[in-house]
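Hi everyone, thanks for making time for this. Could you all bring up the sequence and the structure on your screens? I'll walk you through it from the whole chain down to a couple of residues.

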Amino acid sequence: MKLGQVAVNVENVERAVVFYKEVIGLPLLFETNGLAFFQCEDTRLLLSRPETEEFDHPGSVLYFQVDNLQEEVSRMKEAGALFIDEPHMVAKMGDTETWMAFFKDTEGNTHALMSEI
């Protein structure tokens with residue numbers, strides 16, 4: 001089974017669209033009725049305001065896999081991203097190191113860039 005879509009709660013869809021498109025660099029598929037859909041490899045990402053109070057809570061942390069962590073962190077910082085830490089190793093399994101750097105989007109959600117070396 002593969003993951004088809006992930007939804008992220010946002011306060012301001014228009015502001016979030018600019019961040020996810022211009023800063024993270026995800027391709028915008030389309031916008032309709034206050035919803036914005038992006039393509040993230042095989043998974044679709046939905047940005048929207050919570051439909052009801054039941055769904056009004058912080059979203060999950062999205063981990064975007066990149067080839068060159070330091071290069072992507074630098075690019076995103078130049079585009080206006082606020083990183084809450086610097087790239088750091090979080091795990092080592094055999095010869096493979098997993099590195100991450102966490103950032104905030106314009107809506108206060110925390111996400112991360114990750115790279116396996």
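Let's begin with the secondary structure. In the protein chain you can find two helices and nine strands. Keep in mind as we go that this is a predicted model. If you follow the sequence from its start, the order of elements reads β-α-β-β-β-β-α-β-β-β-β.

Now the overall dimensions. Along the principal axes, the C-alpha atoms of the protein chain take up a box of roughly 45 × 35 × 25 Å. The radius of gyration of the protein chain is 15 Å, which agrees with a compact globule, because a globule of 117 residues would have a value near 13 Å.

How much of the protein chain is buried? Out of its 117 residues, 37% are buried. As for the surface, the protein chain exposes about 7,400 Å², and 50% of that comes from carbon and sulfur atoms.

A word on the charges, too. The protein chain has 9 positive and 21 negative charges, and the mean positions of these two groups lie 2 Å apart.

Next, how the chain comes together. Take the contacts in the protein chain between residues at least 6 apart in sequence: 50% of them link residues at least 24 apart.

Let's zoom in on an example, Val8. You'll find Val8 in strand β1, which covers residues 5–9. Val8 counts as buried because its relative accessibility is 1%, and the cut-off for buried is under 20%. Please look across to Gly59 as well: Val8 and Gly59 are 51 residues apart along the chain, yet their C-alpha atoms are separated by 5.5 Å. Setting aside residues up to four places away in sequence, Val8 touches several others, including Tyr20, Leu45, Leu62 and His111.

That last name brings us to the other end of the numbering. Where does His111 sit? His111 belongs to strand β9, residues 110–116. And is His111 buried or exposed? With a relative accessible area of 0%, His111 is buried.

What does the side chain of His111 reach at 3.0 Å? The partner is the backbone nitrogen of Leu62. Beyond its neighbours within four places in sequence, His111 is in contact with a set of residues, among them Val8, Tyr20, Leu62, Phe64, Phe102 and Asp105.

So if you rotate the model later, try starting at Val8 in strand β1 and then finding His111 in strand β9; the two are in contact. Thanks for listening!

Notes. Residues are numbered from 1 along each chain as its sequence is written. This is a predicted model: local features need pLDDT of at least 70, side-chain atom pairs count only at pLDDT 80 or more; totals for chains, interfaces and linings use all residues. Side-chain values use heavy atoms; hydrogens and water are left out. Helices (H or I, at least four residues) and strands (E, at least two) are DSSP runs, numbered from the N terminus. The radius of gyration is taken over C-alpha atoms; the globule rule is 2.2 Å times the number of residues to the power 0.38. Buried means under 20% relative accessible area, exposed over 50%, partly exposed in between (1.4 Å probe, protein chains only). Contact means heavy atoms within 4.5 Å. Accessible areas come from the Shrake-Rupley method with a 1.4 Å probe; for residues, only the protein chains shown count as cover. Lys and Arg count as positive and Asp and Glu as negative; His and the chain ends are not counted. The place of a charge is taken as NZ of Lys, CZ of Arg, CG of Asp or CD of Glu. A polar contact is a pair of N or O atoms within 3.5 Å; within protein, one must be able to donate a hydrogen and the other to accept it, and residues adjacent in sequence count only if both atoms are side-chain atoms.
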